[in-house]
Amino acid sequence: VSFGFQEIKADEKSERVGQVFSSVASSYDTMNDLMSGGLHRLWKDRLVTRLQPFAGMRHLDVAGGTGDVAFRILREMREDQIRQQKESDSPTLVQLGRVHVCDINPDMLQEGQRKAQKQQIGEEGGLAWVVGDAEQLPFQDGSMDAYTIAFGIRNVTNIDAALAEAFRVLKKGGAFHCLEFSQLALPGLRELYDAYSFQVIPQIGRIVANDEASYQYLVESIRRFPDQNTFAALIRDAKFSGVSYENLSGGICAIHSGFKL
Ligand code: SAM
């Protein structure tokens, strides 16, 4: 079966990705819930559990979009801050730290800022919204304790460049965690999954967001992305140590982790 995959050039790809996310920004959160049956929430929770956020950390969430992952991380940092404060005998305040939400698309960030304001998240200064490209991060060398990217790296034109940038901005000992769609580890489910992805998702896109083409792109980009082991090798090539991955929901997604030693 051909799904009409086409090879697209690098500059066309970034233009297309820009259009897709500007077009889906306002319906993005609803669509995530609908398409994944709410599973994306559990996948993001798992990413944050693996990260183990702590009070005072400087965190970078790349391709942070509407802030879903950043809000979870900040909440954990805040809980750790309260816990440490309670346990401490010193009158000095335990620092909260900061999560930098970086995304190339200002429309997605704006949607995130709107959400944060509505839910009163980040009012204590724990969030920074930064427009920037994963391939050329606007942050200094060795400035971050950890780096996350959720459902972002497959949209990046040059994955090697994005991984090199992740390595550059991390402090020594810093952690890299990437949540991304991956290849099903249970081959029997593939046909069902393909039918759902290629037939149902673009239709949900058409009905709910009036935008079938963007959701068609999203599905195709998932299939083009390297499998678990190939992606792990790319992370090792980018000089990360202790690289491992964990499959979620039978390999629909995977979390890849590595460390800058
Ligand atoms: N991380 C969020 C989440 O899980 O809900 C958003 C994921 S969304 C599928 C992908 C995001 O990647 C979009 O907001 C898009 O603008 C961003 N993106 C695409 N290419 C990028 C790049 N080169 N640098 C930074 N962000 C990029």
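Start by selecting V99 and L127: L127, in β3, is the bridge partner of V99. The model on screen is a predicted one.

**The β1-β2-β3 side**

Now show the whole of β2 and β3, which pair in the parallel sense over five bridges. Add α5 to the selection, and β2, α5 and β3 together form a right-handed β-α-β unit.

Keep β2 (residues 98-103) in view and colour its residues by burial. Five of the six are buried, so the strand is mostly covered.

Next select strand β1 (residues 58-62). β1 is joined to β2 by five bridges, and the pairing is parallel. R58 stands opposite R98 of β2. Follow the chain from β1 through α4 to β2: this β-α-β crossover is right-handed too.

**The whole sheet**

Select the seven strands. What is their order in the sheet? They run β3-β2-β1-β4-β5-β7-β6, in an open sheet with mixed pairing. Look at the two ends: β3 (127-131) and β6 (241-248) are the edge strands, and each has a single partner, so one side of each has no neighbour in the sheet. On average, neighbouring strands are turned by 15° against each other, with direction ignored.

For an antiparallel pair, go to β5 (residues 170-181) and β7 (residues 253-259), which are joined by seven bridges. Within this pair, find H177, whose bridge partner in β7 is S257.

**Helices on the sheet**

Select α3 (residues 39-51). This helix packs on the sheet and touches β4 (144-150), β5, β6 and β7. The direction of α3 makes about 165° with that of β5.

Then select α9 (residues 228-237), which lies across β6 and β7. Helix α9 runs at about 155° to β6.

**E111**

Go back to α5 (residues 106-118) and pick out E111. Is E111 buried or exposed? E111 is buried, because 21 other C-beta atoms lie within 10 Å, and a residue counts as buried at 20 or more. Apart from neighbours within four places in sequence, E111 is in contact with A25, S26, Y28 and T66. For a distance to check in the viewer, take E111 and G37: they are 74 residues apart in sequence, and their C-alpha atoms are 22 Å apart.

**Around the ligand**

Finish at the ligand, which has 20 residues around it. Those that come nearest are A63, G65, N105, A134 and A150. Helices α1 (10-24) and α4 (68-87) are the elements that give two or more residues to this shell. By type, the shell holds 11 nonpolar, five polar and four charged residues.

Technical notes:
Residues numbered from 1 in each chain as written. Predicted model: local features only at pLDDT ≥ 70, side-chain atom pairs only at ≥ 80, totals over all residues. Near = placed C-beta within 6 Å. Helix = DSSP H or I, 4+ residues; strand = E, 2+ residues; numbered from the N terminus. Nonpolar A, V, L, I, M, F, W, Y, C, P; charged D, E, K, R; others polar. Pairing = 2+ DSSP bridges. Axes fitted to C-alpha atoms, helices over the stretch in contact; angles between N-to-C directions. Contact = placed C-beta atoms within 7 Å. Buried ≥ 20, exposed ≤ 12 C-beta atoms within 10 Å, placed from the backbone. Right-handed = clockwise from strand over helix to strand, strands pointing away.
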